[in-house]
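Q: Please take a close look at one side chain in this structure and what it meets. Then go on to the rest of the chain, in plain terms.

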Amino acid sequence: MKNIISEQDYLSELEKTFLLQEKRSKGKDKYKIKDTIEVTNHRDQVYISISEIYANHSILNIFKKSESITMIQGVYFSVKTKRILMAIISSRTTNFDANKLFFIDIVSSLSESLEGI
């Protein structure tokens, strides 16, 4: 990356992208960030965003009905290497709701190991 950006900068850019995608779909699809969570993991901060896509057309609609997909994304910025690490899990919203805490545990475990470098 040419410039160092923060996790908040990344999440703001994600929100702008979602608004643009919703405009492009002319209201047929809905994109929204439902929640953002900040967690501490091994002295490091991990930012979690939970977003939802509701599609009534496109590839998500292969079964001829509307589909709601929820994504959870963990974002970690390494001060040492100046890199953003991400973990993303996508699921049908009904499945996500049943396993939300498990998915949060997975993406909040993001960390960087510099052993052997």
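A: In this predicted model, Lys34 has a relative accessibility of 41%, so it counts as partly exposed. Its side chain meets the side chain of Glu52 in a salt bridge, with 3.3 Å from N to O. The two residues are 18 apart and the pair links distant parts of the chain: Lys34 belongs to strand E1 (residues 29–41), while Glu52 belongs to strand E2 (residues 44–55). What is the relative accessible area of Glu52, and is the residue buried or exposed? Glu52 has 14%, which is under the 20% cut-off, so it is buried. The salt bridge therefore has a partly exposed residue at one end and a buried residue at the other. The structure holds 1 salt bridge in total.

The setting of this pair is a chain with 2 helices and 4 strands. Read from the N terminus, the order of the elements is α-β-β-β-β-α. The chain has 117 residues, and 36% of them count as buried. About 8000 Å² of the chain is exposed, and carbon and sulfur atoms supply 53% of that area. For contacts between residues at least 6 apart in sequence, 47% join residues at least 24 apart.

Ile84, in strand E4 (residues 83–92), gives an example of parts of the chain that are far apart in sequence. Ile84 and Glu7 are 77 residues apart along the chain, yet their C-alpha atoms are separated by 8.0 Å. Leaving out residues up to four places away in sequence, Ile84 touches Ile5, Val75, Tyr76 and Phe77.

Next comes helix H2, which covers residues 93–108. How far apart are the end C-alpha atoms of its 16 residues? They are only 19 Å apart, short of the 22 Å that a straight helix would reach at 1.5 Å a residue. H2 also bends by about 75° at Asn99. Its buried residues are Thr93, Phe96, Phe103, Ile104, Val107 and Ser108. An α-helix has 3.6 residues a turn, so residues three or four places apart point the same way.

The aromatic rings can be taken last. Rings whose centres lie within 6.5 Å count as a pair, and the count comes to 2 aromatic pairs. Phe96 and Phe103 have ring centres 5.6 Å apart and planes at 25°, so this pair is stacked. Phe102 and Phe103 have ring centres 6.1 Å apart and planes at 45°, so this pair is tilted. Through these ring pairs, Phe96, Phe102 and Phe103 are linked into a cluster. Which of its members are buried, and which are exposed? Phe96, at 2% relative accessibility, counts as buried, and so does Phe103, at 11%. Phe102, at 51%, counts as exposed, since the cut-off for that class is over 50%.

Note on methods
Residues numbered from 1 in each chain as written. Predicted model: local features only at pLDDT ≥ 70, side-chain atom pairs only at ≥ 80, totals over all residues. Heavy atoms only, no water. Salt bridge = Lys/Arg side-chain N within 4 Å of Asp/Glu carboxyl O. Buried < 20%, exposed > 50% of the residue type's maximum accessible area, 1.4 Å probe, protein only. Contact = heavy atoms within 4.5 Å. Areas by Shrake-Rupley, 256 points an atom, 1.4 Å probe, with all protein chains shown as cover. Expected span 1.5 Å × (residues − 1). Bend = angle between axes of the 7 residues up to and from the residue. Phe/Tyr/Trp six-rings, centres within 6.5 Å; stacked < 30°, edge-to-face > 60°.
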